[in-house]
Amino acid sequence: MNPTVIGEALVDVLASGIAPAQEFVGGSPLNVAVSLARLGYPGTLISRWGADDKGRKIEEYLKGNNVKYLGGADEEATVIAHGILDPAGGAAFAFNAYWQMPTIGPELPQDVELVHTGSIATLFSPEELLPLLSAARTHATISYDPNLRPSLVTNHAQTVAEVERFVGQADVVRVSGIDLKWMYPMRSVQESARAWLDMGPAIVVSTAGSRGSWGVVRAGDAEFIAPSVEVTDTVGAGDTFTAALLCWLAEHGMIGAAHRKKLGQLQISELSQALEFAAKAAAVTVQRAGANPPRREEL
């Protein structure tokens with residue numbers, strides 16, 4: 001599998017109680033790209049950051065994890081996400097986000113078999129990203145995680161409509177239950193996920209942290225209860241889950257446009273196995289500070 005991930009790279013500054021704040025390279029798409037590489041599928045991240053010390057820290061981190069990148073440093077500063085950890089290890093982030101889609105040409109290379117995107121990039125650049133994804137569907141599986149930042153949303157209805165446009169281009173969708181409830185407060189997470197499945201994806205998975213995950217495919221649905229572990233923080237856990245889910249699908253011959261039919265025929269037993277593998281990977285991440293996904297040998 002040759003993956004390309006599109007979206008933000010930033011630095012998380014995490015504070016908890018009276019302990020000194022710690023800095024970690026992060027950003028949901030970057031976390032997915034690094035997770036994929038550590039699980040055996042190094043690829044390319046299309047992103048931007050500043051020509052500053054934190055930007056150089058991002059570059060070193062990507063190189064150290066065998067992730068190539070397109071775009072890179074520009075004249076704006078690197079985005080910093082300030083996170084406050086609660087007693088359960090969850091983080092509430094505040095940041096002034098900046099995103100500009102790097103110039104990469106009208107289409108991605110034909111040998112790219114997986115394209116993943118989401119979060120700030122899809123909020124700020126839908127008109128640039130959607131045609132890129134549409135063109136990539138001829139050769140790649142499309143993966144999407146909205147990873148919404150409500151503080152950056154100015155129009156709820158418009159954001160929901162744009163999210164649904166991305167869902168319509170995607171084959172695989174991983175979304176937090178919190179995001180689904182924010183978008184559709186009048187219906188259940190399961191109802192919303194099934195509605196998304198009807199928009200075109202082959203699989204929609206909703207995650208709920210320690211309460212586990214639930215997914216739906218054409219054949220039906222499945223649930224996996226998260227393993228009980230000691231949580232340091234939950235930063236990057238959803239991104240690890242997404243990457244591990246994609247890895248499982250790749251290892252079972254379901255990634256790439258040529259395998260779209262097989263992906264669409266995913267069975268409930270296979271969905272259960274995929275959820276279990278993804279949950280085990282995420283369980284490693286939550287035991288460590290910051291977004292620090294596992295390597296293959298740790299699973």
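In this predicted model, the largest nonpolar core has 48 residues, and Leu30, Leu36 and Leu249 are those with the most contacts inside it. The elements that give two or more residues to this core are the strands β2, β4, β11 and β13 together with the helices α1, α2, α8 and α10, and the largest share, nine residues, comes from α8. Apart from this core lies another, of 37 residues, which includes Trp99, Met101, Leu133 and Ile142.

Leu36 shows how such a core residue is surrounded: leaving aside neighbours within four places in sequence, Leu36 is in contact with Met1, Pro3, Val5, Tyr41, Pro42, Leu114, Ala243, Leu246 and Cys247.

Helix α10 has 18 residues and reaches 26 Å from its first C-alpha to its last, which is close to the 26 Å expected at 1.5 Å a residue. Its buried residues include Leu271, Ala274, Leu275, Phe277, Ala278 and Val284, and the buried residues of α10 pack against the four elements tabulated here.

| Element packed against by α10 | Residues |
|---|---|
| β11 | 203–207 |
| β12 | 213–217 |
| β13 | 220–224 |
| α8 | 237–251 |

A charged residue deserves separate mention. Glu162 is found in helix α5, which covers residues 156–169. Which side chain of opposite charge is nearest to Glu162, and how far away is it? The nearest is Arg165, 5.1 Å away, and Glu162, although buried, has no salt bridge; this is because a salt bridge requires a side-chain nitrogen within 4 Å of a carboxyl oxygen. Not counting residues up to four places away in sequence, Glu162 touches Leu123 and Pro126.

Conventions: Residues numbered from 1 in each chain as written. Predicted model: local features only at pLDDT ≥ 70, side-chain atom pairs only at ≥ 80, totals over all residues. Heavy atoms only, no water. Expected span 1.5 Å × (residues − 1). Buried < 20%, exposed > 50% of the residue type's maximum accessible area, 1.4 Å probe, protein only. Contact = heavy atoms within 4.5 Å. Core = buried A, V, L, I, M, F, W, Y, C linked by side-chain atoms within 4.5 Å. Lys, Arg positive; Asp, Glu negative; His and termini not counted.
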